[in-house]
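Please open the model in your viewer and keep the selection panel at hand, since each stop on this tour begins with something to select.

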Amino acid sequence: MRQFFQGGDAGSAETSLVRALAGVAAPMLMAAFWIVTLAGKLSSWSAAGIHYLFVLYAFCAMGCVTTLQWERLFPERIDFLVLLPLPLRGRMIFAAKLRAVAALLLLFLFSANIFGTLLMPALTGRRLLTAMAAHAVAVFGAGAASALAVLALESLVIALVPERLFRYVAPTVQTVLVALFLVLFLRMGVVTEGLPVLFSSQGNVTRWFPPLWFLAAYEVCVGGAAATPYAHLLARQAFLYLPILLACAVALYPTAWVRRQRMALEGTRSATLRDGAVWAGVVHRTVLRTADGRAVFHFMRQTLARLSRYHVGLAAYAGTGIALSLTAAVKVEVRGGSLHVGLIETGAQAVMPLLLFWLVAGLRTAFSLQADMGARWVFRLAGLETRRVITTAKLFVFSGCCALIALVVLTLAGCGWRGVDLALQGVYGLLCAVLLTDLFFYLEAHVPFTRPPLPGRTSLPMTLAVYIFGVPVLLLLMVTLERWTGHHALRVLEAVGGITGVHALMHWLRGLPSHPASADVFLDELTEEIQTLGLSG
């Protein structure tokens, strides 16, 4: 179990596990407490809407947990290299890993649903045990179905995707899954408002939407107006597909296991990453003219490309950004048992800053996670200048932002936007990218992936405050800027000049002797440790 949350220092596995379980359990604990405390007598459909909140949370939370633990649910290369030479049977290793995976998923499933199961039945009055059983069956079933479906999909991807493409396909699938689950949860109100229509007619939404199956099971067990004849059909469908998902996961997992074992023993071509001619022919002659800049740039690029743990983190950030962008820009309505999707033009203005924020934040978080501290001495002996290192890191992030801006502009062009609006979106995106890069890397003073663990430096409340309040402030700033400038060329130039001035000011402040980046980037390392490489004594 520790392997799922193993960190760099002693005790970090237990701490990470407790934090993860608390993070999954806390939202529904608070929701159940306030609903029980403040809710009065509810109608059948209002109660069904509250039940849907808990069912959907269990479905989305377990789907995200299974997706983000993708690599840890299957044996890693080090597992096979260490365990296979030992006098252990293959079946014993397989059974141990399978038990660990089952224990992990059950632990999260229990944490996500236990408080709602204990508190929510208090709203029903007399039938306390019946309501508790109905709640447990619905939410635990929804969570189990989501986890099994994702596990089966992951096994299928591992078994079928060629090795040279797996490094690209796996993060893409993870990003899509995270975005899908978050969009479902953020758009919960659309389904809640349409429950009377969805449970009274046999539409495509309810037929292929698993959370509604388990909500129907909830309402059938509790009874009431929401338990329509069609709800009884959906409830039977829920418990028909749950064993099917279990069978698919159990059948596909051994196939993925064999594929991972072969990749571990024979090696994989995805581990080889060669510099293309474009780097030496274009980038090296323009923006990366110094040797230390090229070394740091390619060190970041290859580290992100090769190590799967960074793929998982970046997939989580990318999925969050995509989900929030879709929620802001796309409207969904339920009409006659089917979904109707449309584009919100005013909400589309928030797509660019949202995606850029989560891209820069994700890369900044990835850079702060150490890769191999044992190789850190190389950068010390190379005599890197801290300012150039941070400038290269910012250049790397800004290049990623430019690629994202181009992709968003092309997408908006496909949606029918005009040339002037597309050009303005590109300008606003570049301004937002410059501002975000300066803000996130203002205090940075280390080579990416080489920062040692600093106990007591990480503040979870401060981090949450940055994301909770920083995103709305950024959106308000960029949307206000877009509306103020409009199509006036002079105002656009004034906005460009203002952001350029802020960038120049922050660049000047970073050059002051009192700034952390002015100090030696490896000042906290002992010279003896570098000279001996940790091999003495």
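Begin in this predicted model with the largest nonpolar core, which has 74 residues, and select F54 and L212, the residues with the most contacts inside it. To see where this core comes from, colour the elements that give two or more residues to it, namely α1 (12-38), α2 (44-68), α4 (90-119), α5 (128-160), α6, α8 (195-198), α10 (210-222) and α11 (229-266). Among these, α2 provides the largest share of the core, with 15 residues.

Stay with F54 and display its surroundings: once its neighbours within four places in sequence are set aside, F54 is in contact with M28, A31, A32, I35, G116, M120, H135 and V139. Apart from the core around this residue lies another, of 56 residues, and selecting L304, Y310, M352 and L384 will show some of its members.

Before the next stop, step back to the whole chain. The secondary structure comes to 22 helices and 2 strands, and 45% of the 537 residues count as buried. If you draw the contacts between residues with a separation of 6 or more, 81% of them are accounted for by residues 24 or more positions apart.

Next, select E163, whose place is in helix α6. Is this residue buried or exposed? E163 has a relative accessible area of 12% and is therefore buried, the limit being under 20%. Now add R259 to the selection and draw the distance between the two C-alpha atoms: E163 and R259 are 96 residues apart in sequence, and the C-alpha to C-alpha distance in space is 9.8 Å.

Move on to the second largest pocket, which has a volume of about 1,300 Å³. Which residues should be selected to find its centre? Choose T175, A318, L359, L404 and L407, which lie nearest the centre of this pocket among the 39 residues that line it. The elements giving two or more residues to the lining are α6 (163-186), α13 (291-306), α14 (308-329), α16 (351-367) and α18 (386-414). Of these, α14 gives the most, with 10 residues. Colouring the lining of the second largest pocket by class will show 28 nonpolar, 9 polar and 2 charged residues.

Finally, turn to the cysteines and select C64 together with C60. How many disulfides are there? With a disulfide taken as a pair of cysteine sulfur atoms within 2.5 Å, the count comes to 0. C64 is in no disulfide, and the cysteine sulfur nearest to that of C64, which belongs to C60, is 6.6 Å away. C64 counts as buried because its relative accessibility is 16%. For the last selection take C248, which has a relative accessible area of 34% and is therefore partly exposed.

Conventions:
Residues are numbered from 1 along each chain as its sequence is written. This is a predicted model: local features need pLDDT of at least 70, side-chain atom pairs count only at pLDDT 80 or more; totals for chains, interfaces and linings use all residues. Side-chain values use heavy atoms; hydrogens and water are left out. Buried means under 20% relative accessible area, exposed over 50%, partly exposed in between (1.4 Å probe, protein chains only). On a 1 Å grid over the protein atoms alone, a cavity is a set of points where a 1.4 Å probe fits but cannot get out, and a pocket is an open set with protein on both sides within 12 Å along at least five of seven lines; lining residues have an atom within 4 Å of a point. Grid points are joined across faces, edges and corners, and a volume is the space filled by probe spheres set on the points. Helices (H or I, at least four residues) and strands (E, at least two) are DSSP runs, numbered from the N terminus. Ala, Val, Leu, Ile, Met, Phe, Trp, Tyr, Cys and Pro count as nonpolar, Asp, Glu, Lys and Arg as charged, and the others, Gly among them, as polar. A nonpolar core is a set of buried Ala, Val, Leu, Ile, Met, Phe, Trp, Tyr and Cys residues joined through side-chain atoms within 4.5 Å. Contact means heavy atoms within 4.5 Å.
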